[in-house]
There are 2 protein chains.
Amino acid sequence: MSSTGPPRVDIERIKADILALAEIGRDERSRGIYRMAFSDADMEGKRWLLHRIEENGLRPGSDGAANISGVLDGERDSPRVMVGSHIDTVPCAGMLDGTLGVVVGLECLRVMKTSGQPPARTVELIAFSDEEGRFGGTFGSEAFTGQLTPQRLESARDLDGVPLRDAMLAHGLDPMRALDARRPPEEIAAYLELHIEQGPVLDEARLQVGIVEQITGLRSWSLRFDGEANHAGTTPMSYRKDAFMGLADFAHELPRILEENGGDHSRATIGKAEIRPGAPNSVPGAVEFSLDFRDPSEPVLDELSLAIQKALAAVARRRGLRFEFQPQGEILPVDCHPDLVDLLAAEAARLGLRSKRMLSGAAHDAQVVGRIAPVAMVFVPSKGGLSHSPAEWTSWEDIEAGAQLMLGALTKLAAGAVLDEDQP
Amino acid sequence: MSSTGPPRVDIERIKADILALAEIGRDERSRGIYRMAFSDADMEGKRWLLHRIEENGLRPGSDGAANISGVLDGERDSPRVMVGSHIDTVPCAGMLDGTLGVVVGLECLRVMKTSGQPPARTVELIAFSDEEGRFGGTFGSEAFTGQLTPQRLESARDLDGVPLRDAMLAHGLDPMRALDARRPPEEIAAYLELHIEQGPVLDEARLQVGIVEQITGLRSWSLRFDGEANHAGTTPMSYRKDAFMGLADFAHELPRILEENGGDHSRATIGKAEIRPGAPNSVPGAVEFSLDFRDPSEPVLDELSLAIQKALAAVARRRGLRFEFQPQGEILPVDCHPDLVDLLAAEAARLGLRSKRMLSGAAHDAQVVGRIAPVAMVFVPSKGGLSHSPAEWTSWEDIEAGAQLMLGALTKLAAGAVLDEDQP
């Protein structure tokens with residue numbers, strides 16, 4: 001069979017793979033998928049993927065972090081053009097999320113493989129382990145980029161207290177071998193990742209693809225106001241040291257803090273709060289809460305941190321409370337490589353896709369890989385902005401458009417276009 | 001033994017009774033008292049009290065609601081002067097609360113008994129069942145005043161799901177007999193109750209006693225904002241329907257609502273809130289919370305209700321949320337009888353006590369009895385405003401002052417002063 005036009009992805013094969021993986025870890029009652037990292041379902045998904053890679057004539061492999069690879073050998077083995085995402089899920093997930101990026105990558109390599117000539121550069125599909133965070137998140141990409149430490153391997157536990165060590169050993173994996181998964185930066189020419197947007201922007205604007213320019217940075221804090229628990233009836237308002245009212249005042253300041261110190265892409269969320277003693281007729285004596293704030297600029301994140309601390313101090317002073325906060329996590333913002341962004345934008349234009357350049361507000365494996373190699377991401381629309389839920393969806397048409405964009409860009413990168421190591 | 005001065009309470013007997021009751025239901029580890037209504041400890045407390053009543057030459061009795069009585073017979077049996085409170089406790093309670101009022105009442109009757117002549121009016125001590133609310137609260141006083149219904153007897157359960165019926169039957173009590181505990185209003189001349197303040201006002205002002213003029217009304221609502229759960233990173237601020245931010249905005253309006261629509265004694269408390277899904281990286285989709293608001297005036301409570309609903313609606317509209325609220329409970333405000341208040345104030349002045357007229361912000365048995373008979377209350381200072389905790393305390397000196405005030409007022413009432421049925 002020969003074709004005269006440019007090669008095209010086959011949406012039926014993508015469909016078949018998505019639906020096949022959706023059966024692995026699916027709960028019949030909720031229709032949600034439970035393929036959390038290093039669970040039996042996750043390992044079954046990895047085996048399924050290795051088998052699929054092999055079936056399609058690609059070279060299968062896996063590293064010490066149980067990242068799964070499929071290699072399409074090119075004329076030069078290194079640096080490689082890489083494409084991927086992850087197939088582990090949150091509990092009760094939908095069928096797309098990272099899985100879509102892996103399946104689309106596999107389809108791209110299949111198309112490139114059947115187009116005949118080996119590409120100039122080797123192209124590698126990779127499915128990273130534990131992106132979703134059963135044991136902390138972006139585990140596979142951190143191992144891959146050499147950011148994993150023996151300390152994390154020893155200490156990581158899931159919410160049920162199961163150590164990462166035990167979960168890996170249960171599947172015959174030696175945890176310490178995850179440190180061997182590191183690839184030298186010079187062996188990676190570029191990493192592309194397609195992902196669902198997980199937000200409402202593309203869907204509301206009726207666009208087909210988003211070309212990610214920046215992946216936002218994230219600071220996650222746990223905070224606490226301490227006041228005085230008292231009887232709700234006998235304690236006059238002026239005597240109260242009401243910890244919850246401190247939180248309400250602080251939350252009320254957040255829009256102002258974002259307006260004054262943030263940018264268009266700044267976000268802040270109080271997602272969790274626990275009041276003590278937590279009885280309807282008790283003035284709250286303490287409240288513990290979470291704060292998640294994001295921006296694609298480190299200096300903006302620093303400014304927000306400062307403004308947040310000022311607001312906390314002011315509220316505490318006004319209400320006679322004490323406050324404390326503890327950074328729980330930090331993810332650095334990453335810029336996508338401008339040449340890759342331009343390549344994707346040019347391909348989208350060539351394909352006549354309705355696209356826009358945008359920000360990723362969520363963390364992704366590309367953000368971790370971006371610390372050592374040029375990366376870029378393609379977003380496809382999430383219906384209603386929904387994700388991490390069985391209701392998560394993207395139309396097959398939009399998936400096809402995104403996959404076609406990925407194929408175009410990967411084909412050009414594999415042929416040696418942009419980021420050529422000879423033109424630093 | 002004869003005495004020339006006016007009769008005085010014996011603080012050593014009060015101490016001994018308080019300390020003896022504190023041993024019944026005490027947890028050795030926390031030092032807290034667990035004498036919840038119709039528990040083994042509560043029933044042991046009731047037996048102890050009956051025995052003490054008998055030992056002191058008073059006539060013991062108990063009614064169908066397991067209210068315990070001690071009667072000092074006067075020349076006329078009806079209407080009676082009554083004094084009391086409750087000996088049941090919250091879990092992990094201190095040793096005073098309602099117990100103090102019962103013990104002080106017992107001491108007053110002992111002193112009156114030993115003073116020789118039977119009083120003109122019969123005086124009765126009463127310890128009401130389940131004031132604290134294991135099965136809903138003010139159970140004994142509601143039975144006593146005829147406000148109990150068979151429906152409540154059938155449906156009441158504690159937090160562990162134990163039916164009131166079963167708890168009563170386990171101690172050989174027929175639940176339906178609680179309906180027989182009703183006393184006709186015309187048989188009650190007056191009801192006096194001494195209680196710890198449970199707030200900081202007397203302690204901070206270094207006063208010895210408070211004379212309660214009004215017992216506050218209470219409305220207790222459960223409320224809910226519904227928005228949309230979303231990803232904290234991928235959902236721009238302007239797309240959010242953040243239920244928790246709705247609660248924060250509403251809480252922030254509460255001080256204004258009290259200032260605009262309430263009075264000096266208005267109070268509002270959000271004591272409990274539950275966010276869903278409740279993850280640090282999820283925009284809250286729903287929040288359920290409690291609102292407890294109080295004022296001694298029904299029209300003010302009505303105004304507050306209206307203002308609260310307007311604020312809820314405005315916040316919901318502004319943030320794209322839905323809201324609902326459900327009244328959970330309502331306690332009507334009660335005015336203490338002005339003649340009783342004046343009598344107490346005159347006695348306090350005669351005794352040279354540092355006193356003030358004040359409001360009760362907490363609900364009490366007196367509030368229930370006040371719906372059918374003239375009532376008044378005396379408060380003694382709570383150290384640091386603390387109550388419902390092993391840290392609850394009032395100095396013996398202040399207890400003695402409060403008891404002496406009660407004795408003076410009861411003696412005058414028993415002699416036929418004020419509220420004489422012949423002078424309506």
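**Close-ups of the domain interface and the two-fold pair**

**View 1. No salt bridges between the two domains of chain A.** Across the interface of domain 1 of chain A and domain 2 of chain A, the rule turns up zero salt bridges. Keep in mind that this is a predicted model. What you do get between domain 1 of chain A and domain 2 of chain A is two residue pairs in polar contact, both at pLDDT 80 or more. On the side of domain 1 of chain A that touches domain 2 of chain A, the residues split into five nonpolar, four polar and one charged.

**View 2. How chain A is carved up.** Domain 1 comes in two pieces of sequence, 11-216 + 333-414, while domain 2 covers 217-331. Ten residues from domain 1 of chain A and eleven residues from domain 2 of chain A make up the contact. Going by C-alpha centres, domain 1 of chain A and domain 2 of chain A sit 35 Å apart.

**View 3. Who supplies the buried area on domain 1 of chain A?** Together, domain 1 of chain A and domain 2 of chain A bury about 770 Å², with 61% of it on carbon and sulfur atoms. Thr216(A), Pro333(A) and Leu359(A) provide 61% of the area that domain 1 of chain A buries against domain 2 of chain A, more than any other three residues.

**View 4. Chain A meets chain B around an axis.** Turn chain A by 180 degrees, add 0.1 Å of shift along the axis, and chain A lands on chain B with an RMSD of 0.1 Å. The two copies are therefore related as by a two-fold rotation axis. Both copies use the same surface, as 100% of the contact residues of chain A recur in chain B. Among the residues of chain A, Ala248(A) comes closest to the rotation axis, its C-alpha being at 2.2 Å.

How values were computed. Residues numbered from 1 in each chain as written. Chains lettered and ligands numbered in written order. Predicted model: local features only at pLDDT ≥ 70, side-chain atom pairs only at ≥ 80, totals over all residues. Heavy atoms only, no water. Least-squares fit on C-alpha atoms with pLDDT ≥ 70 in both. Contact = heavy atoms within 4.5 Å. Domains from an automatic or database assignment. Buried area = accessible area lost by both parts, 1.4 Å probe. Salt bridge = Lys/Arg side-chain N within 4 Å of Asp/Glu carboxyl O. Polar contact = N/O pair within 3.5 Å; in protein donor to acceptor, adjacent residues only side chain to side chain. Nonpolar A, V, L, I, M, F, W, Y, C, P; charged D, E, K, R; others polar.
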